[in-house]
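Open the structure in your viewer and keep the selection tool ready. The tour goes from one residue out to whole chains, then to the place where the chains meet.

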Amino acid sequence: MHFLILAILIPFLAAACIPFIHRRIGLINIGWLVLAVPLALFIVFVFQIPVISSGDTISASIEWIPSLGINFSIFADGLSLILALLITGMGTLVILYSIYYLSPRDSLPHFYAYLLLFMGAMLGVVLTDNLLVLYVFWELTSISSFLLIAFWYHRKNSRVGAQKSLLITVFGGFGMLAGFLMLHSMTGSYSIREIISVIGQYTDHSLYYPALFLVLLGAFTKSAQFPFHIWLPDAMEAPTPVSAYLHSATMVKAGIYLVARFTPIFGGTASWFWTVTLVGLVTLFWGAFCAVRQTDLKALLAYSTVSQLGLIMSLFGMGSAALHFGAEPEGAIYGLATFAALFHLVNHSTFKGALFMVVGIIDHQVGTRDIRRLGGLIAFLPVTLTFAVIGSFSMAGLPLFNGFLSKEMFFTASINAAGLPLFSAVSWGWIIPVVAWTASVLTFAYSMILVFQTFFGNYHPKKLDKKPKEAPLGMLISPAILSILIIGIFFAPNLLGDHLLKPAMATLLPGVVGAAPHISAWHGINTELLMTLGVFAVGAVLYAFLRQWKKIYGILPENWAFNVLYTNFLSGLERKSSQITSSYMTGHLPHYFTYIFMFFIIAAGGSLLLSGGLTFDFANDAPLPAYEVLLAIVMMIAAVAILFAKSRLTAILLNGVLGYSIAIFFVLFRAPDLALTQLVIETVTTALFLLSFYHLPEWQKEKSSKKTKIRNAVIAISGGLTITLIALSVNGTRLFDSISSYYENSYELTGGKNIVNAILGDFRAFDTLLESLVLFIAGLGVYTLIRLKGGKETRKNGDQ
Amino acid sequence: MEINDVILKTVAKAVVLIIFTFGIYLLLSGHNEPGGGFIGGLVLASAFVLMFLSYDSETVSDAIPIDFNKLSAFGVLLALSSAIIPMFFGQAFLNQSFGYFDLPIYGKTELATVTIFEVGIALTVIGVVVNIILSISEDE
């Protein structure tokens, strides 16, 4: 098996092993063992850099469902490698950090199992070439994110936040799946590379634009783009290492990855350019605007993440214009945006990861994240302060930090996009640099809030529960490494640019030449530099007069529209569906039978009549022996006698007569497997009846109106008639080809002489497998309903 | 359930053994003769049910410490893994193989991976059936 396939599988296998290992090792923190997984994978991926930077790609494939064209195919190019390195690298740092962050009272095996599950799923998303495999891993990341947000599930907010994130991202995921299926029905392929190579012929197809918007829906919900951003701030209920890892560095980048990956498919159209750019810009602005008003440091970082994701998204939108020009020199000019997006993607992970860890340290060492209670921590947390300064200043775009470089490029790209001679950008393009600049000013302001209101100003010992002290060394290692990266990238950006970003550009913008520039900090005095200086000046003024202008937030309603919309929609949905359900789920068994039989009569009987299958042919019927007639008469008598049974026991026994007679018929017709099954089922059912006997209410005659009785009689007779007619016409009608030839070589293929089992266990084993799964779930359902019915009150008491 | 019946208990002891043997026979012979995972599982489950009926459930639970929830989960996992493992040998999902081997006592015998799948199904059936019946019988 190819090593990249193994790289995806290893985290899953490790997660499966955790429960078994955990009990053995006892005292040692299991995190130390888990740490080895991402570290080893990171080293493996680092060794792939030379291969990728020389312009090669890595691919491998194993068959999964070959009959549907679904293969577990792996494809690694520059873009995949960047994300794989982020996933494993950040994973290593976050696990190291979490060893010190989590308390031993937390359920560590769960935490690390979920984290590994996520890591494997995320690697699957970025390394696969097959759309359906991508979708499966995509939803797995949503599920592991749900589990991690609800890690402290005794808190109500955690559960609500987890539910919100799951509902929104899975909703988008379904849309994306529909988009993928549309792409397949257009091009006939699930392979992204194949679709890219043939999509040129299908741009006029009627499904092209629906697919475009549905894929974007998936990307926007996952990457928390406006107006779907509302789940991300609530996801901050997760432990801080999770927020640093999933909700800023990796999982929320999956949507951005998707947009980047699909740029060669949909890029170069006006819809893609404007949708991605504008949604990105609105998110950029709105996230930054909301971040300034936050008083919880983590909420501030959440909105700032939303905002930064919008920035990267808008850059990918602008960059897509380059595909319109191809190898012409304009391609390089607009393609710069894509390069900046990739660059900022890496930079954002470094500084935001560091900042989340800083906030985690503050929360852990001081006991609160509330800005109103914090202040003057410089005396207690000097090392943490250093990391906070490095992270925030990079986020604000100050020089000496990597954020400066990508921010400058962002301004360049936005100015370029404003002058785009396409997509009516001449009249509307000026919006782009204006929004970019305004949002950057706000970004500068909240970055300053983060540093100065936490570490400087007055220290309020009375507002704090415990005396703050510097974090243990282990907690400081990870933010230290990220801080070194932040500064390191500023001084040697081309190391990253040449080896990872350039090869990624080749697959993102195929045919565009020279869009990957040499990154340098100093371009001489130009518009971008003036914009940056303006950001610093206006941002500083905004920060200084924060108290005065913050009043404008009061004008806006407290809980803004989208959250209210979401809650109302959810509660309305719940109310309506419970109304509909209770209208027909009456708890009255005869009603349910009425629905079932009515449906059967209409569906089966109706299709029998409509398809013209109602023909009888008695020519080849076998002669009817006397004992079969006798058995049939016994069954009829038993069936009619049930109607007049005076006690429940009689009814049960008569029902048993019916069941065993059917078993005898199976024997007569030489179906030993069916006869055996029928016999054992009858026996077990009788035992079940005996057990339920105590619980059943008094047996009493049904007192129903005449109308109901007639209605029931009609349903009963037409049900019996339908069955009889179907049974009689089976022999005389051939609507479809016989499938028996399919099983002709059963002995050669399966080596089994019992064809019934050959069908169950081999030909149609998928059915059997899923049936056993259904049986298992039903069993669990019965178990939980009966055993845990008294559990409601304990659950309420456990709520906090 | 408090049933104190000496005859039933004595008969049950003998019969349960027969049913168990029969169930396992059905399970293993399903490849070539009537039987198979589902029927074998049902027969085995009915043996358990007979035990629970003739003795009270605490006595049986002490004698056979099986968590039937876990048993059915294990069965599903076994069936699933017998479906997935062929993929590691370059075959399709759920592809079963068989071969003929010379075994010491049995002579030339056919061994098929489908038996593992059938055992998984049987364990699921046993777990679910016994679990449902136990849950209902212990419900107050």
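Leaving aside its neighbours within four places in sequence, which residues is Ile256(A) in contact with? Select Ile256(A) together with Ser223(A), Leu309(A), Ile312(A), Met313(A), Phe316(A) and Leu345(A), which are those contacts. Keep in mind throughout that this is a predicted model.

Stop 1: around Ile256(A)

Colour helix α12, residues 253-266 of chain A, to see the element that holds Ile256(A). Ile256(A) has 26 other C-beta atoms within 10 Å and is therefore buried. Now draw a distance from its C-alpha to that of Leu345(A): the two residues are 89 positions apart in sequence, yet the line comes to 8.9 Å.

Stop 2: two helices side by side

Next select helix α18, residues 402-418 of chain A, and helix α20, residues 431-455 of chain A. Their axes come within 8 Å of each other and cross at roughly 155 degrees. An angle over 145 degrees counts as roughly antiparallel, so α18(A) and α20(A) are roughly antiparallel.

Show side chains where they touch. From α18(A), pick Lys407(A), Phe410(A), Phe411(A), Ser414(A), Ile415(A), Ala417(A) and Ala418(A). From α20(A), add Ile432(A), Pro433(A), Ala436(A) and Ser440(A). By class, this contact has 8 nonpolar, 2 polar and 1 charged residues.

Stay with α20(A) and follow it from end to end. Its 25 residues reach 36 Å from the first C-alpha to the last, close to the 36 Å expected at 1.5 Å a residue. Is this helix mostly covered or mostly exposed? It is mostly covered, with 19 of the 25 residues buried. Just after α20(A), select Gly457(A), where phi is positive at about 80 degrees.

Stop 3: the hairpin

Move to strand β1, residues 58-65 of chain A, and strand β2, residues 70-76 of chain A. The two strands pair in the antiparallel sense over 7 bridges. Select Ile65(A) and look across to Ile70(A) in β2(A), which stands opposite. The hairpin has 4 residues between its strands, and Gly69(A) takes a positive phi near 75 degrees there.

Stop 4: each chain as a whole

Zoom out and show chain A alone. Chain A has 35 helices and 2 strands, and its C-alpha atoms fill a box of roughly 105 × 65 × 55 Å along the principal axes. Of its 800 residues, 43% are buried. Among contacts in chain A with a separation of 6 or more, 79% join residues 24 or more positions apart.

Switch to chain B. Its secondary structure comes to 5 helices and 2 strands, which run α-α-α-α-β-β-α from the N terminus on. The C-alpha trace of chain B spans about 55 × 35 × 25 Å along its principal axes. Of the 140 residues in chain B, 41% are buried. Here, 70% of the contacts with a separation of 6 or more are between residues 24 or more positions apart.

Stop 5: where the chains meet

Show both chains for the last view. How many residues does each chain bring to the contact? Chain A brings 39 and chain B brings 44. On the side of chain A, colour β1 (58-65), α30 (672-692), α33 (755-763) and α34 (765-787), the elements that give two or more residues. α34(A) gives the most, with 14 residues. By class, that side of chain A has 22 nonpolar, 12 polar and 5 charged residues.

Notes
Residues numbered from 1 in each chain as written. Chains lettered and ligands numbered in written order. Contact = placed C-beta atoms within 7 Å. Nonpolar A, V, L, I, M, F, W, Y, C, P; charged D, E, K, R; others polar. Buried ≥ 20, exposed ≤ 12 C-beta atoms within 10 Å, placed from the backbone. Axes fitted to C-alpha atoms, helices over the stretch in contact; angles between N-to-C directions. Parallel < 35°, antiparallel > 145°, perpendicular 65-115°, else oblique. Expected span 1.5 Å × (residues − 1). Pairing = 2+ DSSP bridges.
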